Structures are given as structure tokens and as C-alpha cells.
Amino acid sequence: MGLDEKSVAIVGAGVSGLAACKHLLERGCRPVVFDAGDAVGGVWPNAMEGTRLQAPRHMYRYSDFPWPDSVTEMFPNQRQVADYLHAYARRFGVLDCVRLGHRVTSMEYVGVAEEEVVAWEEWAGCGQAFGSGDGEWRLTVADDEGHIEVHMVDFVILCTGRFSNYPNIPNFPPGRGPEAFDGKVIHSMDYSKMGSEKAKEMIKDKCVTVVGYGNSALDIANECAKVNGKNIQSSIKHTLFLLVSETETLLCPFC
Ligand SMILES: Cc1cc2nc3c(=O)[nH]c(=O)nc-3n(C[C@H](O)[C@H](O)[C@H](O)COP(=O)(O)OP(=O)(O)OC[C@H]3O[C@@H](n4cnc5c(N)ncnc54)[C@H](O)[C@@H]3O)c2cc1C
């Protein structure tokens, strides 16, 4: 059976999922791409306004799709990256395959003996597909309205990324977590999703502590400095939280 006769599902419409779909379309396959989000581009459409590429743009591009002439910045901003990815998807017909607002909630390989599945040892990413190809993948997909669909496909390509969907929030001892702080506590992921205007409104004239020292932390600290000009405290931790005190009092229960 040729690839054009195989049914393929791709989970995720970020940089990787879009490229996977484009290459399958070129080989005669017509995959369906499920993405839980509301736009193609993965982490980029909902990244903070102030976020920029950290790599020079010539190092962060598809080899078959140059940046448009209008982007002259060495480090394009979040909007430019999101637009570039959207343009790539449109140019290669990928948009027609994408179903936004569709989260894959489970997947199961059916039609082969349990022993065959248990024997798979390729989860470490050896570049080969699993199994004999005798079975099928059963995907359960939930849309934004809560409707559930079941899809049967021959192949699944997981392009779910590392930074989307699930905030990394530590477990705190009882009474010593966010509830012990007399202000707002918000994860950087939710801050990004909030959108620039709402985020600016939230931090305006507030005393803010950014807990963490990764890229998102620095982007947030930068946004706070732009809005308030001062009162930024940064605490170096691995987990990223943004604390907003309603009272101008700087409290940080995690420090
Ligand atoms: C703020 C930020 C800045 C970054 N800057 C850089 C940079 O400058 N240079 C660099 O090289 N990298 C950078 N990265 C890393 C970035 O993650 C990668 O460059 C790239 O965008 C990852 O693409 P991806 O397709 O693998 O995953 P993602 O972009 O994470 O896309 C995964 C997609 O899968 C979807 N998804 C996940 N689970 C499900 C599910 N169960 N069902 C349906 N859909 C699902 C998500 O909704 C998402 O759209 C940055 C990341 C972030 C968060």
C-alpha cells in the first residue's frame, strides 16, 4: 500500500506539525492535523508581544520558505514569527488539513496482540515507525464544545512540542503555596495567553516579582519595566511564576 493510501493524523500544528503535514502532502498523502489551540504556529501566536526569536532569523526558517522581504530584523518578534508560520501553512496547502480547537485526549493501537505493542522498544526516537503496520491507531479527539470524535488512522505523528499546554507548577506544602500570598499569582503561560492589553492592565502600577530566570521570565520582566519603569524584582528559580501584589507590597512565598 502506498503512502497516498495511508491515513495519517498529526497532533500539533506548530513548527514541526506544519512541516510534517507539508511533506506528507507532497507525497500524496492527505493528513489531518489536530491542534488544541486557536491558531497554527504552536507556541508563537500566543507568545508574549515582547518575545523575540533568540536565534538570528536566517537560522530559524524552513529551508524551502524564506522570510518575507518585509522582515528585516535579525531577531523577528512574536507576531512576525507567527505570521511567517501561518504564511508557510497557507503556501503549502497545510491550512486546509488543520482542525483547530481539537485536542487529542487519548490514543490507542488496536488490531494487534498486546504482546506486539509491549515489545515496542523504539520510543527513544530511532527514526523508525513502530510496529508491523498491521494495526490501527484509535484517536479520541475533543473539540472546544466538548464534542468527542473517534478517528482511526494508520499512522500518527506526534508534534506536541515541549512548552505548550501544561504549566510546570510545583506542589507546595499546605498553606505555603499561592494561597499564602496576598496578591495575584499567575504562571507565565497564562500571562502569555491573556494577551498584551489585558496583561499590561494587570501589571500597571503594581509591584511585581518574577520568579524564574529563563527566557519567559526575562521577557516578562522587560514588559513590566516598560509598563511601570521600576519595582521589578527577580528571583532566580527554575519554575516561572509572576506575582502581582494588589497592595504594592512585595511578597514572594516561594523565595
Ligand atoms: C516563548 C518561547 C520562545 C521561544 N523562542 C525560541 C527561539 O528563539 N528559538 C528556538 O529555536 N526555539 C524557541 N522556542 C522553542 C519553540 O518551542 C520551538 O522553536 C518551536 O516553536 C517548537 O515547535 P513544535 O511544533 O515542536 O511545538 P509547539 O510550538 O509547542 O507546538 C505544539 C502544538 O501541539 C499542540 N498540542 C499539544 N498537545 C496536543 C494535543 N493533545 N492535542 C492537540 N494538540 C496538541 C499545541 O496546541 C501546540 O500548538 C521558544 C519557545 C517559547 C515558548
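Which residue just after α1 takes a positive phi? That's Gly28, with a phi of about 90°. Keep in mind that this is a predicted model. The protein chain has 255 residues, of which 28% count as buried, and it folds into 6 helices and 11 strands. Here's a walk through the core, the ligand shell, two helices and a handful of residues worth clicking on.

**The core**

- The largest nonpolar core holds 44 residues, and Leu18, Cys21 and Leu85 have the most contacts inside it.
- Several helices feed this core with at least two residues each: α1 (15-26), α2 (78-91), α5 (196-203) and α6 (215-228).
- Strands β1 (8-11), β2 (32-35), β5 (136-143) and β9 (207-211) also supply at least two residues each.
- Domain 1 (3-158) and domain 2 (178-253) both give residues to the core, so it lies between them.
- As background, nonpolar side chains in soluble globular proteins tend to be buried together.
- Cys21 touches Ile10, Pro31, Val33, Val94 and Cys97, leaving aside residues up to four places away in sequence.
- Across the protein chain, take the contacts between residues at least 6 apart in sequence: 69% of them join residues at least 24 apart.

**Around the ligand**

- The ligand is surrounded by 29 residues, the closest being Gly12, Gly14, Ser16, Gly42 and Gly161.
- Sorted by class, that shell has 13 nonpolar, 14 polar and 2 charged residues.
- Helices α1 and α6 each supply at least two residues of the shell, and so do strands β2 and β4 (102-110).
- The largest share comes from α1, with 3 residues.

**Helix α1**

- This helix has 12 residues and reaches 17 Å from its first C-alpha to its last, close to the 16 Å expected at 1.5 Å a residue.
- Its buried residues are Val15, Gly17, Leu18, Ala19, Ala20, Cys21, Lys22 and Leu24.
- Wondering what covers the buried residues of α1? The cover includes β1, β2, α2 and β7 (155-158).

**Helix α6**

- At 1.5 Å a residue, the 14 residues of α6 should span 20 Å, and its end C-alpha atoms are indeed 20 Å apart.
- Buried in α6 are Ser216, Ala217, Asp219, Ile220, Ala221, Glu223 and Cys224.
- Gly229 follows α6 and has a positive phi, near 80°.

**Residues to click on**

- *Val8:* This residue lies in strand β1. Is Val8 buried or exposed? Val8 has 20 other C-beta atoms within 10 Å, and the cut-off for buried is 20 or more, so Val8 is buried.
- *Val8 and its contacts:* Leaving out residues up to four places away in sequence, Val8 touches Leu24, Cys29, Pro31, Val153, Asp154, Phe155 and Ile157. The C-alpha atoms of Val8 and Arg30 are separated by 7.3 Å, though the two residues are 22 apart along the chain.
- *Thr105:* You'll find Thr105 in strand β4. Thr105 has 11 other C-beta atoms within 10 Å, so Thr105 is exposed.
- *Thr105 and its contacts:* Thr105 touches Thr140, Val141 and Ala142, not counting residues up to four places away in sequence. From Thr105 to Asp143, 38 residues apart along the chain, the C-alpha atoms are separated by 10.0 Å.
- *Thr160:* The loop between β7 and β8 (183-187) is home to Thr160. Thr160 counts as partly exposed because it has 16 C-beta neighbours inside 10 Å.
- *Thr160 and its contacts:* Thr160 touches Val11 and Gly12, again not counting residues up to four places away in sequence. Gly12 is also among the residues closest to the ligand. The C-alpha atoms of Thr160 and Ile10 are separated by 9.1 Å, with their positions 150 residues apart along the chain counted as the spacing.
- *Asp205:* Look in the loop between α5 and β9 for Asp205. Asp205 is not a glycine, yet it has a positive phi of about 60°. Asp205 is exposed, with 8 other C-beta atoms within 10 Å.

Notes. Residues are numbered from 1 along each chain as its sequence is written. This is a predicted model: local features need pLDDT of at least 70, side-chain atom pairs count only at pLDDT 80 or more; totals for chains, interfaces and linings use all residues. A nonpolar core is a set of buried Ala, Val, Leu, Ile, Met, Phe, Trp, Tyr and Cys residues joined through C-beta atoms within 7 Å. A residue is buried if 20 or more other C-beta atoms lie within 10 Å of its own, exposed if 12 or fewer, and partly exposed in between; C-beta atoms are placed from the backbone. Helices (H or I, at least four residues) and strands (E, at least two) are DSSP runs, numbered from the N terminus. Domain bounds come from an automatic or database domain assignment. Two residues are in contact if their C-beta atoms, placed from the backbone, lie within 7 Å. A residue is near a molecule or strand if its C-beta atom, placed from the backbone, lies within 6 Å of it. Ala, Val, Leu, Ile, Met, Phe, Trp, Tyr, Cys and Pro count as nonpolar, Asp, Glu, Lys and Arg as charged, and the others, Gly among them, as polar. The expected span of a helix is 1.5 Å times one less than its number of residues.
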